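Me: I should like to examine one part of this model closely, beginning with a single charged pair and then following its surroundings. Please give a connected account in formal terms.

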Amino acid sequence: MVQIGLEKIIESPPEWLKEARIGLLSNQASTASDLVHSRFHLQKAFPGQMTCLFSPQHGFFAEKQDNMIESGHQLDPATGLMVYSLYGDSREPNEEQYAQIDVLLIDIVDVGTRVYTFMYTMAYCLEWAAKLGKKVVVLDRPNPVGGKVVEGNILEPEWASFVGLYPIPMRHGLTFGELAMMMNQEFSLGADLEVIAMDGWKRDMFFRDTGFPWVFPSPNMPTPETALVYPGQVIWEGTNVSEGRGTTLPFELVGAPFWKCGEMLDAVKDIPLPGCYLRELAFEPTSGKFARQVCNGFQIHITDPSAFLPYRTSLALLQASFGLYPESFSYKEPPYEYEFTRLPMDLIIGSQAVRKALETDKALLEIEAEWRQELTQYDEMRQKYFLY
């Protein structure tokens, strides 16, 4: 079994931590291999040193369902510590909160995808740590979609938002600790940063290979298989097509009442979509888009995680949906993640040009070829920060 950074720091506490006032950025998924939450382990290992907690989007207990559903500050009933929400009135910590700590520990389950906001919460924490002279320590965890493959276009600066602050691809191929190191250096955040690396994790591992228990980091990320499809399936949040929210298989299911599965499959038949099987089905969401309506669509079954290209697969279906059903298909209108004028789809894709190329029915492999050089450059750059 992989030994995570949390377990390493408890096993061998560094000298500088033994008298420090400690804050912890985490949520309910931040457990050790025994499924006991990190705050309990840290309180036991460093009695009297924990001063406060911080939580990312979806709330400390991952109870908030969707984007722009805020969490307030709250008292943690189990420890008596204040939990400061970093997805409420503000998405950044402040001087008053940081005055209570010397060291911020970050122990977050990430899913390896650019639009997952937890990484930008970490970025803001690094920025404020640099301003206020606080140390940040990332307790590393596995990237559930592996660390070998990167996929997608590089986000263009004019489409930066809280679902994409930096020019990275949709599938970034880094652990949270590696990501912190890269952001801190490449984007000049300037924090005093340390990463407690894992033992036993390898870049070709997917989450099921780690032997570690899965705890859902957000309400619609129930399994590691959800994480595998998410780098592509998240694009449906920018449309009126259901991404399976309101079902037991969010993101693994996709569809709409106006889809005809045979037509959709025919539209994508010439695009190589390795490592998966698109199984036709009908589903009826209990909430969200098309609640209580029958949607025709697919369950994405992953037959080979190493070959599967989630972003290509979902973009192919998006292009088919736009082309086949122009009168029924539509994009979500703003707001989306606190952006009130720009089209959510452009923020999710990180490029208006890619979206417009898809709309003109340009071959998807040609569109991919146009971002290949930038993706290769990113791939080379990220390797400077490999810990594994």
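With which residue does R208 form a salt bridge, and how far apart are the closest N and O atoms?

Reply: The model is a predicted one, in which local features need pLDDT of at least 70 and side-chain atom pairs count only at pLDDT 80 or more, while totals for chains, interfaces and linings use all residues. Residues are numbered from 1 along each chain as its sequence is written, and side-chain values use heavy atoms, with hydrogens and water left out.

The partner of R208 is E225, and their closest N and O atoms are 2.8 Å apart. A salt bridge here is a side-chain nitrogen of Lys or Arg within 4 Å of a carboxyl oxygen of Asp or Glu. R208 belongs to the loop between β7 (192-196) and α6 (224-233), whereas E225 sits in helix α6, 17 residues apart from R208. Helices (H or I, at least four residues) and strands (E, at least two) are DSSP runs, numbered from the N terminus. R208 counts as exposed because its relative accessible area is 56%, and E225, at 25%, counts as partly exposed. The cut-offs are under 20% relative accessible area for buried, over 50% for exposed, and partly exposed in between, with a 1.4 Å probe and protein chains only.

The helix that carries E225 is mostly covered, as 9 of the 10 residues of α6 are buried. Those buried residues are P224, T226, A227, L228, V229, Y230, P231, G232 and Q233. They pack against β8 (253-256), β10 (295-302) and α8 (310-324), where contact means heavy atoms within 4.5 Å.

One of these helix residues, Y230, also leads to a cavity: Y230 is among the residues nearest the centre of the largest cavity, together with Q57, H58, E237 and R245, in a lining of 21 residues. On a 1 Å grid over the protein atoms alone, a cavity is a set of points where a 1.4 Å probe fits but cannot get out, and lining residues have an atom within 4 Å of a point. The largest cavity holds about 180 Å³ of space; grid points are joined across faces, edges and corners, and a volume is the space filled by probe spheres set on the points. Its lining is made up of 10 nonpolar, 7 polar and 4 charged residues. In this division Ala, Val, Leu, Ile, Met, Phe, Trp, Tyr, Cys and Pro count as nonpolar, Asp, Glu, Lys and Arg as charged, and the others, Gly among them, as polar.

The search of the whole structure finds 4 cavities of 30 Å³ or more. The second largest contains about 70 Å³ of space. Its lining includes F207, F212, P213, W214 and V215, as well as R141 and P142, and divides into 8 nonpolar residues, 1 polar and 1 charged.

Other salt bridges complete the picture of charged pairs. The structure holds 20 of them. K362 pairs with E370, the closest N and O atoms being 2.2 Å apart; K362 is partly exposed, at 26% relative accessible area, and E370 is exposed, at 55%. Salt bridges that share partners also join E237, E243, R245 and K289 into one network. R342 and E339 form a further pair, with closest N and O atoms 2.8 Å apart, and both R342 and E339 are buried.

The nonpolar interior remains to be described. The largest nonpolar core has 127 residues, and L104, L105, I106 and W259 touch the most other members. Helix α4 (residues 118-132) gives the most to this core, with 10 residues. Such a core is a set of buried Ala, Val, Leu, Ile, Met, Phe, Trp, Tyr and Cys residues joined through side-chain atoms within 4.5 Å. Beyond four places in sequence, W259 touches W236, V241, V254, M264, N296, G297, F298, S321 and Y325.

How values were computed: On a 1 Å grid over the protein atoms alone, a cavity is a set of points where a 1.4 Å probe fits but cannot get out, and a pocket is an open set with protein on both sides within 12 Å along at least five of seven lines; lining residues have an atom within 4 Å of a point.
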